[in-house]
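Visitor: I have a structure to go through for class and I'd like to talk it over slowly. Could you show it to me before we start?

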Amino acid sequence: MLKPNAHYAELKDSYLFYNISQKVKAYLGTHPDARLLRLGIGDVSLPLCDAVIKALHEAVDDQAGRDFHGYMPECGAPFLRASIADHYRRRGVMLSDDEVFVSSGASDELGDILDLFDRDSTALVIEPAYPAYVDANVMAGRKIIHLPSGKENGFLPDPGEEARADILYICSPNNPTGAVFDRNLLQRWVDFANENGSVILFDAAYEAFIEDETLPHSIFELEGAKNCAIEICSLSKTAGFTGTRLGYTVIPKALTRAGMNLNDMWVRNRTTKTNGVSFIIQKGGAAVFTDEGQKQIKENIQVYKRNARVLTDALDRIGVWYCGGTNAPYVWMKCPDGMGSWEFFDYLLERAQIIGTPGAGFGACGEGFFRFSSFGNPEDTALAATLLQKLLS
Ligand code: MLT
């Protein structure tokens, strides 16, 4: 008889955002006319920018005629790999085009990339953390080391003995806390990884929200990172591709472990397991890296940043502790009056029809905290801020 992967039994019953959607569905069942203010999952509310839409239309026309494309190269279309490598080079990070892999999104890639590592390797998750880091490793039966962080270190811990693991997850700007690793601290993690032979999986999905230009957008801005890091990026939040799906991953050619080259291994993996991302979507993605595309996506990001500001202004007026929201699209607040984070979730839903994300969903040390996403539409965000202020003042 077939033996299923028994590690699935070790997972929590269901995934955080699924739990939230079930709770919301139940609420709508009893309050069918409620106007919900959705500040929960980090899903964008603005449409794709004009430059991307134009490129998508043109690519559809290509598919209708002589410029038709069949299978795309598994690791990404050369035109897109070149645009992304060039984007890095313009920021001072020298990459060759074949160090860039096009993916169908960062969340897919964060799971798939684990194929590169032995199942006996250990994974460090700095918590609170995006829950898929933990779940993907539980599914693979890997030992997970949970490193809690908190208000006392600004949710940005230093490496140390308790952080020793083979795979080190770092997300900066951080989901859910919005905290950002500065150069000195990130350099200490890079040095730590190199000293221990670990590999950092650097989740840079939110780098486009950094406005303090002393902060690193890419781990490859740090000395020695090409010997120890893989960077996973996304156009979801940067350019509104949550429903369109596109991302990219950088694996330096210099990254080797036990005599094996991780870039070569990923080529082998991709050429076996995918037929690449759709030509049409990659054409749309390439438009993001043009001057026009960059200008337009930055305008959209400013809308989300204004949302974050509306929320943090309200929290300032109430006098609640929070972090994030400046160099990141998430605002991470302390729940009022010692409330638990699911308790606060229910309270906001019942009393103001606001949906946020309970901190406990990001790991045990997220208990007592709550996350707001700034990706909602501005009217809803403004109304949510007003209601929040009324409720908590
Ligand atoms: C989040 O809300 O944490 C993210 O949107 C989830 C994701 O990117 O998959």
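Guide: Let us begin with a term we will need for the strands: two strands count as paired if DSSP finds at least two bridges between them. Please also keep in mind that this is a predicted model.

Visitor: Okay, so which residue stands opposite serine 373 in β15?

Guide: That is tyrosine 330, which stands opposite serine 373 in β15. Tyrosine 330 belongs to strand β12, residues 330-334, and β12 pairs with β15 in the antiparallel sense over five bridges.

Visitor: And how many bridges does β15 have with β14?

Guide: There are two bridges between β14, residues 357-358, and β15, and this pairing is antiparallel as well. Along it, proline 358 stands opposite phenylalanine 370, while threonine 357 stands opposite arginine 371.

Visitor: In what order do the strands sit in that sheet?

Guide: The order is β11-β12-β15-β14, four strands that form an open sheet with antiparallel pairing. Because β11 and β14 stand at the edges with a single partner strand each, one side of each is left without a neighbour in the sheet.

Visitor: Which way do the residues of β15 point?

Guide: Phe369, Arg371 and Ser373 point one way from β15, and Phe370 and Phe372 point the other way, with all of them buried. That agrees with the general picture, in which side chains of a regular strand alternate between the two faces of the sheet.

Visitor: Let me switch to β5. Is it mostly covered or mostly open?

Guide: Strand β5, residues 167-171, is mostly covered, since five of its five residues are buried. Ile167, Tyr169 and Cys171 point one way from β5, whereas Leu168 and Ile170 point the other way.

Visitor: What does β5 pair with, and is it parallel or antiparallel to β6?

Guide: With β6, residues 199-203, β5 pairs in the parallel sense over five bridges, and tyrosine 169 has leucine 201 as its bridge partner there. Strand β3, residues 122-127, also runs parallel to β5 and is joined to it by three bridges, with leucine 124 standing opposite leucine 168.

Visitor: New topic, aromatic rings. How many aromatic pairs are there?

Guide: The structure holds 21 aromatic pairs. One of them is formed by tryptophan 321 and phenylalanine 369, which are edge-to-face, at 6.0 Å centre to centre and with 75° between the planes.

Visitor: Where do those two sit along the chain?

Guide: Tryptophan 321 lies in the loop between α10 (291-318) and β11 (322-324), and phenylalanine 369 lies in strand β15, so the pair ties together parts that are 48 residues apart in sequence. Tryptophan 321 is partly exposed, with a relative accessible area of 30%, whereas phenylalanine 369 is buried at 7%.

Visitor: What about tryptophan 342 and phenylalanine 345, why is that pair edge-to-face?

Guide: The ring centres of tryptophan 342 and phenylalanine 345 are 5.4 Å apart and the planes are at 65°, so the pair is edge-to-face, given that the cut-off for that label is over 60 degrees. Both residues are in helix α11, residues 341-352, where being three residues apart separates them by about one helical turn. Tryptophan 342 counts as partly exposed at 26% relative accessibility, and phenylalanine 345 counts as buried at 0%.

Visitor: Which residues do ring pairs link into a cluster?

Guide: That cluster is made of Phe155, Trp321, Trp332, Phe362 and Phe369.

Visitor: Last topic, the ligand. Which residues surround it?

Guide: The ligand is surrounded by Phe17, Ile41, Gly42, Tyr130, Asn175, Tyr206, Lys237, Tyr330 and Arg371. Some of these residues have polar atoms beside ligand oxygen atoms: for glycine 42 a polar backbone atom is 2.6 Å from one, for lysine 237 an N or O atom in the side chain is 2.7 Å from one, and for arginine 371 a polar side-chain atom lies 2.7 Å from one.

Visitor: How much of the ligand's own accessible area does the protein cover?

Guide: The protein covers 83% of the 270 Å² of accessible area that the ligand has on its own.

Visitor: Arginine 371 came up in the strand too. Which ring does it lie over?

Guide: Arginine 371 lies over the face of tyrosine 330, at 3.9 Å from the ring centre. Elsewhere, arginine 81 lies over the face of phenylalanine 101, at 5.3 Å from the ring centre.

Technical notes: Residues numbered from 1 in each chain as written. Predicted model: local features only at pLDDT ≥ 70, side-chain atom pairs only at ≥ 80, totals over all residues. Heavy atoms only, no water. Phe/Tyr/Trp six-rings, centres within 6.5 Å; stacked < 30°, edge-to-face > 60°. Buried < 20%, exposed > 50% of the residue type's maximum accessible area, 1.4 Å probe, protein only. Lys NZ or Arg CZ within 6 Å of the ring centre and 35° of its normal. Near = heavy atom within 4 Å. Polar contact = N/O pair within 3.5 Å; in protein donor to acceptor, adjacent residues only side chain to side chain. Areas by Shrake-Rupley, 256 points an atom, 1.4 Å probe, with all protein chains shown as cover.
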